[in-house]
Structures are given as structure tokens and as C-alpha cells.
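User: Please take a close look at one part of this protein, its open sheet, and set that part in the context of the whole chain.

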Amino acid sequence: MALGLGAATISYALSLDVAARSLGFERRFAEVFFALIPIPPLALGVHGLALALRLRAASALADRTAAYLSDHLPEGYVVVSHYAPRDGTDEEVPMIVIGPPGVVVIEPRDEAGEVLCYQDNWYRKHKYGVGRRFHGASPSHRARWNAARVRGDMASNRGQTPVEGVVVFTSAHIAGVSKSSVPALEGLPAIVDRLVRTPTDPLHVAV
């Protein structure tokens, strides 16, 4: 196990593409950065490995969510996980559901506890106030962006089939939402309800 982890760390350290992604740079800027500022390869490798582990966890969450929806949605719905839009980027869409309401693009999240949203910025709620903002891109921004990417693939009937982005928190309680650009749902049963009928419980749906 230790040997495998070390090998993975070194391989990430030696990959300029992964290193650039870890630092948030374009490849050409990463080349200049490394030429000017030497970074211990092991430290960079650990950073890259952490990124890979986060991506693996997100992939596993998408698989679990897709499996739940496949088991609980009625006939007439198709669940597609790890959808790759034809826009030239290497980021996949976690999952889409195709059914009678149209196409729903789902951004699953596995945060625990209570969460809050203010103008598309998401935070964890602590006992004595609002905590730190979520790491990485806003879940609602990602859901809206991915919905636009999926909509772009529907060239022939994009005006007829509605495409909606939705954030689903599989574990967290939504304590409050102010100005989210997409609906935010609490729990996997809520997304099933939204797909098969109009939601009636305002505690589980926040827009």
C-alpha cells in the first residue's frame, strides 16, 4: 500500500498537466512557474494526489446517487452517470436524468450537517454562525453550467425539451437559501419526488 501510494505521488509530481491543474494554472503558465519557483516534487505530488482522491470521491458519489435513482424512479426514466458533453472540455457531468419532465442535470453533494446559500455561494452552518465557504466551485454554479453544456448538445430540439440544473445534498440539511440560480434539494427522496411529481414540502426544496 505504501509503495503504491508513493508511486502515485511521484507520477503526479512528474506530470505537468496534473501539476498545472492542481495549481489552477494553464500548462504554459505552469512551465514558467516551475522555472522560476522550485517546488519539492513530493509536495506537489501530494497536492496532485489529493486532487485525484477528491475526483474519485465525487465519482463514487455520482455512482451511488445514480444507483439510488435507478432503483426508485418508475419506468420511462433513464439515468446516465458520468456524461461527457461534446464541448471539448475534460470535465464530465456527474449525472443526468431523462424522463417525461425533460432533462434534469444533477449535481450531488455529500456534505454533512447544515448548509446555507447566499447569492450562489454555499457555506457550512456552525453552532455560532456561518462557517467557511465550500471548497471549489459553487454547487449551484456547476449545476447551471452543466445544464447549459447538456443543452448545447441538444442541437435539434433544444427549444422543445427543457433542461434543468439541480443540486442535491444527500446528507446535509439545507438551513437556508437566498438567491440560488438553481433549485437545491435535501435528500435523495426529494429529487425522486421532483422528477415524478410537483414537490409539496417547502422544507425539502429551496430555490
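Analyst: The account below describes the sheet and then the chain around it. The model is predicted, with a mean pLDDT of 77 for the protein chain. Of its residues, 65% reach a pLDDT of 70 or more.

The open sheet has 4 strands in the order 6-5-4-8, and its pairing is mixed. Strand 6 (129–133) and strand 8 (173–178) form the edges; each has a single partner strand, so one side of each has no neighbour in the sheet. On average, and with direction ignored, neighbouring strands of this sheet are turned by 30 degrees against each other. In general, the strands of a sheet pair through backbone hydrogen bonds, in a parallel or an antiparallel manner. Strand 5, spanning residues 121–126, runs antiparallel to strand 6, and 3 bridges join the two. One bridge pairs His126 with Gly129 of strand 6.

As for the setting of this sheet, the protein chain contains 6 helices and 10 strands. Among its contacts with a separation of 6 or more, 53% are between residues 24 or more positions apart. Buried residues account for 36% of the 207 residues. The chain has an accessible surface of about 12,000 Å², and carbon and sulfur atoms contribute 58% of that area.

Two stretches call for caution on grounds of confidence. Residues 1–14 have pLDDT under 50 throughout, and the model gives them 14 contacts beyond four places in sequence. Residues 198–207 also have pLDDT below 50, with 19 contacts in the model beyond near neighbours in sequence.

Terms used
Residues numbered from 1 in each chain as written. Predicted model: local features only at pLDDT ≥ 70, side-chain atom pairs only at ≥ 80, totals over all residues. Heavy atoms only, no water. Buried < 20%, exposed > 50% of the residue type's maximum accessible area, 1.4 Å probe, protein only. Contact = heavy atoms within 4.5 Å. Areas by Shrake-Rupley, 256 points an atom, 1.4 Å probe, with all protein chains shown as cover. Pairing = 2+ DSSP bridges. Axes fitted to C-alpha atoms, helices over the stretch in contact; angles between N-to-C directions. pLDDT = per-residue confidence, 0-100.
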